[in-house]
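Here is a short report on how one protein chain is put together. Keep the sequence and the 3D view open while reading.

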Amino acid sequence: MPPPSREHLLHLLKDHFGYDSWRPLQEEIITATLAGRDVLALLPTGGGKSLCFQLPAMAGGGLTLVVSPLIALMKDQVDQLQAAGIPSTFLNSTLDAAESRHRLRGLHEGRYRLLYAAPERIMLDGFLDNLLKWNVERIAIDEAHCISEWGHDFRPEYRQLPKLRGILPHVPFIALTATATDQVRDDIEKHLALRRPERYTASFNRPNLTYRVTPKTGAYDQVLHFLKNRREDSGIIYCQSRKSTEQVAARLSQDGIPALPYHAGLEQEERAGNQEKFLRDRVRVMCATIAFGMGINKPNVRFVIHYDLPKNLEGYYQETGRAGRDGLPGECLLLFNAADVAKQMNFISEITDPAESARARHLLDQVVHYSEASSCRRALLLNYFSEEYPEPNCGGCDNCQSPREVFDGTLAAQKLLSCVLRANQASRWKFGLGHYCDILCGASTEKILKQSHHQLSTYGIGREMTKPEWQAIGRELTRMGFLTSEAIGMGSTLTVSEKGVQALKTRAKFTLTRPLPANEAKQRGQAPSKAGDIHCDEVLFTALRALRRELAEARSVPPYVIFGDVALRHMARAYPTNGEDFSRIPGVGQQKLVDFGAAFTAAVRQHLGVNQMQEFKSSLPPASSPPQGWAAAGAAAAAGASRKGDDGRSAGAKPPSMDAPRVTDTIAESLRLFRSGITDLSALASQRNLAESTIASHLANGIMSGRADDLEPGQFLQPEQLPPLAEIFEAAGQLENLGPIKELAGDRFGYRDLHFFRAFRKVGKL
C-alpha cells in the first residue's frame, strides 16, 4: 500500500487534532515512519513529539505500540486521544482483571489504533505472543533516553526492547526523546538496534521560557513572594528531599496557596491522588523531588521553581521543560547558594566507583557554572546539547534582561591567585577554595594554624570582602581558566593554572562580575513573564476556563483534555459564535467540534450579550477545511456541557444549522475567481497560495450555502464516480464528518471529490 498523500495527512491533522500546519520536523518524521524507515527524533518538550506517532497510527491500518515508562503518562495521552475521537487504550497495573480482559478483547478484534504499555509488561511471554496477532504496524519508544546509562533517567528494562526486533523484524521503530546529548543519542541508536535510522533533531530552544537564577537567601519566603504575584498560575517546585517537599507544600497551604507533595516515599494511592488533583487544577502547586520527577503532560504549567540545586543540566532542562508546554509563557526560577553545592558534594563523596564519582562532579560543575555565569543562560543550556544560540542577547533570561555589573577585579584576582600559590608552596599540597578564602579574610581556623598559614604574606589581605564574596570570585576565576579544580575525597582542591601564572607575571587586567545583591535579585524575579503570550479578552477567557472545568469534571478528565489554554485564548480573541468560526480555532478537530462546539459558542454569545467585543492586532489564519457539522447537537450539554447563567437559567443554545453555512470573505473570493474563468482547481489554488482541497471546500461551502446555485455536479465529478460515491456515503450513514468517510473511500477518492459529492447531495442535486 503506497504511503498516504501530503493532502491526506493535512486533513488528518485538522480532522483529528485541529491544526492547519505542522510544527518543525513533524511532517518529515511522519513521512519517514510511514515509509517504513526507523526514526530517531529529538524534539524539545512541547515540540509535538506524540503527534509524530499518533497521526501515522490514523494514516495506516493496524496497531501502533507505544512504549511508555510512566503509568500516568499513558492514561493522560489516552484520555486526550479518546477526546479527539482516536481509538486508543493502555494496559498497565492500574486496571482490574475484568477491564484488562475487555481491552485485550478489543485488541484481538482490531478496535484500537494505539496501545500504550510499559516495557516490563511488553516483555512478558504472553504479551509478546499477542503482538504477533494484533497486526502491529509501528513501534514507538517514548522517552527513549531511558535506554542510556549516560542519560538522566536510565531504565534497565528499556534494554530488553531490542527483543521486539526478533519477534517483529519488519516493523519500523520510532524512538523519541526531548533531551539527549550526543552520547545519549548514539546509545539510543545502538541499544535499540535501529536500522540506519533517519535522525531528526529540532532546536532545543524554548523561546517562551524565561530562565532566572536568584541567590538563595530565604528560600521559602522567596518562593512565597514569587507565587503571590502569580495567583492564577499552576506550577511545580522541585526539592532535594522528600521531607522538604512535604514541608514546603504544608507551609504553602497554610499561607493560602493550595499545594501538595509528590515523591517516591508516598503510598502509591496518595501519590496518584495528589497528581490527579494537580492535573485537574484542584491544587495549583506540586512540590516534587528532583530525583523522582513528575512524568506529567500538563500543558498549562506556567512556572517551575528549583528550590534546591539540580544534579545535572540535562535533568534541569527536562524539569524546566515542564513549563509552557502549550507555547504560552513559562518561567524557570533556580534558587542557588554555595551550601547546596556542598550538600551535593557530600552525596557524591559516597559514590564508591571513582569513574562514576568523577562524572557526577563534572555534571555538578556544569550546573554551578550555569548558576553563577553572567552570560546568556539560554546559550549555556543550548551549548550543553551541542547547539549554538545565534543571538548575543536572548531577551528571555535574567542576564540578558538585566545584564550583571562588571568591575575591575585585577587586585582581587591577584590577591586570590597569589594566596593559592603561596599556600600550596608552603605546605606542598593543595586545599579547597574555602581554606584560601579563610586565609584572605584573616580567619583563625584550626587548619590555618596547623599549616602555619597565618604567617603567609597573603594572610588577612582580603578583609574588605566576606568569605562568600571571595568564594564567588574563586569560582569565576575557575570558570575563566585561571584556577584549576581537582576532585579529591569529599571535595575539590585548587591550583593556579599556567594561564593564571602568566596573568600574574604579566600583571594582566581582570574584569569580574559583581555578585547580585539580594534585593536586586528579588526584583529580577518578581514580574511574571509575558513572552509569547496570546493577548485576548481576559474576562471571556476566565469564563471559558470555568466552562472547561465543568466539562472536564463531567467527563472525569483533566481540563486540558477538553481544550488547552492556547485554544481558549484563541476563542477569547476570535469570539466564535457558530460552528464554522469555532472549527477554525487551533485545536478544534472534528470530534471536539461535535462534542464541545455548542457549549463554547453559547458561552461566547452569552459573553457578547453583556460585553463589548475587543479588537486585537492580528487575526486567526483561514480554515483549512469547512466545519463538518454538529452531528451530535446537544451531546455536549448531555455530557454536562450546559452552563447556568447568573439568574440560574441555562446559558446553552442550539447549534447553528449546517444547511446554510456562513460564507466568509475567503470563500467568496474563491467563488469569484472560479466564476471569472479559473475553473481549474489546481490553478486556482496556486493563485491563492492554498491547498487544492481547501479550494474544493470553499466551493462546496458556497454550494451548501445557496450562494452557488449556478454550479453543477458535472463541473466537478465524472458520471462514473457517482455510484461508488453514493455507496460510500450510504455505508457511512452520515454526511457531516468526512474523516470516517475518507477511511471508507481509501485511495479511490480524495477529499476534493468527497467535498463536492456531499455538497450536491445536501442541496438535492445528487
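The text below covers the sheet, the core, one enclosed helix, the cysteines and a few backbone angles. The model is predicted.

**The sheet**

Start with the parallel sheet. It is open and has 7 strands, in the order β3-β4-β2-β5-β6-β1-β7. The edges belong to β3 (88-91) and β7 (198-201). Each of these two has a single partner strand, so one side of each is left without a neighbour in the sheet. On average, neighbouring strands are turned by 20° against each other, direction ignored.

Look at one pair inside this sheet. Strand β2 (residues 63-67) and strand β4 (residues 114-117) run parallel and are joined by 4 bridges. Within the pair, V66 of one strand stands opposite Y116 in β4. Helix α5 (residues 97-108) packs on the sheet and touches β2, β3 and β4. The direction of α5 makes about 130° with that of β3. Another helix, α3, lies across β2, β4, β5 (136-141) and β6 (173-177). Helix α3 runs at about 140° to β4.

**The nonpolar core**

In soluble globular proteins, nonpolar side chains tend to be buried together. Here the largest nonpolar core counts 141 residues. Which residues have the most contacts inside it? They are I122, L131, I139, F563 and F600. Helix α3 (residues 51-59) supplies the largest share of this core, with 7 residues.

I139 is worth selecting in the viewer. Neighbours within four places in sequence are left aside here. I139 then contacts L65, V67, L164, L168, V171, P172, F173 and I174.

**An enclosed helix**

Is helix α16 (residues 377-384) largely enclosed or open? Of its 8 residues, 6 are buried, so α16 is largely enclosed by the rest of the structure. The buried residues are R377, R378, L380, L381, L382 and Y384. Two arginines, R377 and R378, are thus on the buried list along with leucines and a tyrosine. The buried residues of α16 pack against four elements: strand β8 (209-215) and helices α13 (313-320), α15 (354-372) and α17 (398-401). After α16 comes S386, with a positive phi near 65°.

**Cysteines**

A disulfide is a covalent bond between the sulfur atoms of two cysteines. How many disulfides does the structure hold? The count is 0. For C287, the nearest cysteine sulfur is that of C239, 5.4 Å away. C287 is in no disulfide. C287 is also buried, with a relative accessible area of 0%. C536 counts as buried too, at 7% relative accessibility.

**Positive phi in two loops**

Most residues other than glycine have a negative phi. R196 goes the other way: its phi is positive, near 40°. R196 sits in the loop between α9 (182-191) and β7. D281 is not a glycine either, and its phi is positive at about 65°. D281 lies in the loop between α12 (268-279) and β11 (285-289).

The relative accessible areas of these two loop residues and the two cysteines are set side by side here.

| Residue | Relative accessible area | Class |
|---|---|---|
| R196 | 81% | exposed |
| D281 | 28% | partly exposed |
| C287 | 0% | buried |
| C536 | 7% | buried |

R196 is exposed because its 81% is over the 50% cut-off. D281, at 28%, falls between the 20% and 50% limits and so counts as partly exposed.

Methods. Residues numbered from 1 in each chain as written. Predicted model: local features only at pLDDT ≥ 70, side-chain atom pairs only at ≥ 80, totals over all residues. Heavy atoms only, no water. Core = buried A, V, L, I, M, F, W, Y, C linked by side-chain atoms within 4.5 Å. Buried < 20%, exposed > 50% of the residue type's maximum accessible area, 1.4 Å probe, protein only. Contact = heavy atoms within 4.5 Å. Pairing = 2+ DSSP bridges. Axes fitted to C-alpha atoms, helices over the stretch in contact; angles between N-to-C directions. Disulfide = S-S within 2.5 Å.
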